[in-house]
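These are my notebook entries on a single structure. I set down what I looked up, entry by entry.

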Amino acid sequence: MKKFIENLPKAELHLHIEGTFEPALMFEIAQRNKIDIPFKSVEEIEKAYQFSCLQDFLDIYYQGAGVLIHEQDFYDLTYSYLKKCAEQNVRHTEIMFDPQTHTERGIAFETVINGISKACKDAEENLNVSSYLIMSYLRHLSEEDAFKTLKQSLPFKEKIKAVGLDSSEMGNPPSKFKEVYKASVEEGYIPVAHAGEEGPPEYIWEALDILKIARIDHGNNALKDPDLVKEIVKRDLAMTVCPLSNTALQVVKDLKNHPLRKMMDLGLKVTVNSDDPAYFGGQVNKNYIEIQKALDLTQEDLYQLAKNSFKYSFLPSDIKQKYLLELKNYYKSWQ
Ligand code: HPA
Ligand code: ZN
């Protein structure tokens, strides 16, 4: 099974680039930028990465991102993740980045986007991994702040595919960002949002009806509302599920209790993703491997999950078909 997963062609649709910051690279960049981080060793970092909820994690995640200063730092961070994609047979990835985490510290939007997008371009040429960028608004900040970010992004519009919504969910419902999502869509960005990770089903309803999202990030709490489940199925919206993130942030007690199998049985279009792999104990393949073991998923289930990852990506349909055919042939070769 492990080998089947490792070579399975797949796409990753829920990944925060700031969440791919491995301790070794963090130390290296901190040192070259002469920034103190409160950890002396990888062991100390690992000890700090014990989270009881989303906010616990976010505090450490924003601190780690604080060592990123120059375009080269953003390039190195992104290229290092894309190398991991190539190793895991991730053929396409849709990467979230949080501009406000950096612009709030006085880093120019341009520095962030240029470093990330150059790495994506190089990876497409050298590693055969394609990528899109999802600019995510921080929901703990105001809508006005998000509007500023939208404005800053416009000169770089052709480098950005979609907008997302992340950070502290409770108390920051999707409706808070109604106008900026409307404006983002008018600029040509596809809307997605984190919803129902810790927040109630009502937040998912708002993401659907007010932000008019094309894909749901997490969405676990949809299961508390059967009408919502039906609506998500009816609208054919995919959910980007992140098993190891869910256990690390105690959204789910343990993987054996993970609702992924149930979601699939209800007809929800589920994909498997890593979210913040440097913080949650595993890259995307580890997420597939661990959830397969915990829920005893079959090769057919895994094939379905990988199919969803291409089908519900934002790739044009001819490229989707190409990847889906490659995947089908791979699956057949194992039967
Ligand atoms: N949820 C919300 N915000 C985030 C996450 C997440 O899982 N990862 C990075 N920012
Ligand atoms: Zn996320």
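What is the site of the zinc ion (ligand 2), judged by the angles among its 4 donor atoms? I record the site as irregular, with angles of 84 to 175° among the 4 donor atoms. I applied this rule: four donors count as tetrahedral if all angles lie between 85 and 135 degrees; four count as square planar and six as octahedral if opposite donors are over 155 degrees apart and all others between 65 and 115; anything else is irregular.

**Basis of the entries**

I am working from a predicted model, in which local features need pLDDT of at least 70 and side-chain atom pairs count only at pLDDT 80 or more, while totals for chains, interfaces and linings use all residues. Residues are numbered from 1 along each chain as its sequence is written, chains are lettered from A and ligands numbered from 1 in the order in which they are written, and side-chain values use heavy atoms, with hydrogens and water left out.

**Zinc site**

I looked up the protein donors of the zinc ion (ligand 2) and found H14 (NE2), H16 (NE2), H194 (NE2) and D275 (OD), at 2.0 to 2.2 Å from the ion. Donors are N, O and S atoms within 2.8 Å of the metal (3.2 Å for Na, K and Ca); water is not among the atoms, so sites may look incomplete. Along the chain, the spacing of these donors reads H-x1-H-x177-H-x80-D. I placed H194 in strand 6 (residues 193-195) and D275 in the loop between strand 9 (269-272) and helix 14 (277-280), so this pair ties together parts that are 81 residues apart in sequence. Helices (H or I, at least four residues) and strands (E, at least two) are DSSP runs, numbered from the N terminus.

I then checked the accessibility of these two donors. H194 is buried at a relative accessible area of 5%, and D275 is buried at 2%. Buried means under 20% relative accessible area, exposed over 50%, and partly exposed in between (1.4 Å probe, protein chains only).

**Ligand 1**

Which residues surround ligand 1? I list H16, L54, F57, L58, Y61, D166, S167, H194, E197, H218, D275 and D276; a residue is near a molecule or strand if one of its heavy atoms lies within 4 Å of it. H16, H194 and D275 are in this list and also among the zinc donors.

I noted three polar contacts, meaning pairs of N or O atoms within 3.5 Å (within protein, one must be able to donate a hydrogen and the other to accept it, and residues adjacent in sequence count only if both atoms are side-chain atoms). S167 places a polar backbone atom 2.8 Å from a nitrogen atom of ligand 1. E197 has a polar side-chain atom 2.7 Å from a nitrogen atom of the ligand, and a polar side-chain atom of D276 is likewise 2.7 Å from a nitrogen atom of ligand 1.

**Cysteines**

How many disulfides does the rule give? I count 0 disulfides, taking a pair of cysteine sulfur atoms within 2.5 Å as the criterion. C120 is in no disulfide, and its nearest cysteine sulfur, in C85, is 9.3 Å away. C242 is in no disulfide either; the nearest cysteine sulfur is again that of C85, at 14 Å. C120 is buried at 7% relative accessibility, and C242 is buried at 0%.

**Buried residues and their contacts**

I located S117 in helix 7 (residues 109-126), where it is buried at 13%. Beyond its neighbours within four places in sequence, S117 is in contact (heavy atoms within 4.5 Å) with L133 and K159.

P201 belongs to helix 10 (residues 201-209) and is buried at 10%. With the same sequence neighbours set aside, its contacts are N221, K224, D225 and L228. The C-alpha atoms of P201 and V229 are 9.6 Å apart, across 28 residues of sequence.

Y312 lies in the loop between helix 16 (299-311) and helix 17 (317-334) and is buried at 10%. Its contacts outside four places in sequence are L13, R215, D236, A238 and K269.

**Positive phi**

Most residues other than glycine have a negative phi. I therefore noted K34, whose phi is positive, near 55°, and K212, with a positive phi of about 55°. K34 sits in the loop between helix 2 (23-32) and helix 3 (42-48) and is exposed at 76% relative accessibility. K212 is in the loop between helix 10 and strand 7 (215-218) and is exposed, with a relative accessible area of 58%.
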